[in-house]
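Biologist: Could you walk me through the ligand site, please? I'd like to see how each label is earned.

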Amino acid sequence: MYVYVDGTFFPKEEAKISVFDHGLLYGDGVFEGIRLYRGCVYRLEEHLERLEYSAKALLLQIPLSRAEMAEAVCEACRRNNLVDGYIRLVVTRGVGNLGLSIASCKKASVIIIADKIQLYPPEIYTKGLSIVTVATRRINPAALNPAVKSLNYLNNVLAKIEAAQMGALEAIMLNDQGYVAECTGDNLFLVHKGVVYTPDVSSGALKGITRQAIMDLCAEMDIRVVEKNLTRYDVWVADECFLTGTAAEVVPVVAVDGRPIGDGKPGAITGRLLEAFHRRVSVDGTKI
Ligand code: PXG
């Protein structure tokens, strides 16, 4: 495997960054997780735009243009002979002195890893996932807006640890007002009486690219989508629940907090969306 670091492809073992990189010292940086399906990078422009917005919010100058970044992502896939895979794009603040100040960091570093990812065992997609609500709240947007996909993922890591301690593979995180925000690495959707619901991004959810893809599919399929504040009660009484994310794709949820969702089996609308999503990803995207 070859990993891109600042313009050069290194064998996996030799791909390294400095211990003085503020990405490591302070979690000062941004990232994207992107999928490659049948030689096409899925929604690459959207991912690069979100990366640019995350960087802009942190006053982080990405050293490559949008077009150069797109080309580097495609080249990373080609170098690794990938047809289906997962791309981790990271921009760190770069090497600096000790101390939080960004002033000593002269140039951001760009890392591109093109690999495979499997978040859940395959049977989860047909049988469904059981998840729990955890006590760890989603970070307040006034402290660090979750719309910024930063290298500070401790909030999510803590929630994931809590989920694992309860024997669950994923966790619902509430915001500081007690409304559902999202899961640790996925957005959450409900279906109730034929209408699809998802928390508004102001809840503290990431503006997920898979979330948007599902909303686009709903529009095409004449399924109404409502973005609003959702409570745990709304989740418990929903007919269906599913999660979306680049790594996770579309995952049916069949139980939450020990309560079956609907009849405790993956729902019909979830199934239709999952199928439509898979049909779409294998034809859409930027050819590498
Ligand atoms: N919420 C959070 C907090 C995320 O980190 C999503 C929602 C889904 O967004 P997208 O744009 O991917 O539909 C994410 C994305 C990983 C991994 O390695 C996690 C994500 C994406 C790719 C890989 O666990 N999370």
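Modeller: Happy to! A polar side-chain atom of K149 lies 3.2 Å from an oxygen atom of the ligand. This is a predicted model, where local features need pLDDT of at least 70, side-chain atom pairs count only at pLDDT 80 or more, and totals for chains, interfaces and linings use all residues. Residues are numbered from 1 along each chain as its sequence is written, and side-chain values use heavy atoms, leaving out hydrogens and water.

Biologist: What makes the pair between K149 and the ligand a polar contact?

Modeller: A polar contact is a pair of N or O atoms within 3.5 Å, and the K149 pair is at 3.2 Å, so the term applies. For T210 the distance to a ligand oxygen is 2.6 Å, and for R88 it is 3.0 Å.

Biologist: How do you know which residues surround the ligand?

Modeller: A residue counts if one of its heavy atoms lies within 4 Å of the molecule. There are 23 such residues around the ligand, with Y153, E182, I209, T210 and T246 the closest.

Biologist: Which domains supply the shell around the ligand?

Modeller: Domain 1 (2-115) and domain 2 (124-285) each give at least three residues, with bounds from an automatic or database domain assignment.

Notes
Polar contact = N/O pair within 3.5 Å; in protein donor to acceptor, adjacent residues only side chain to side chain.
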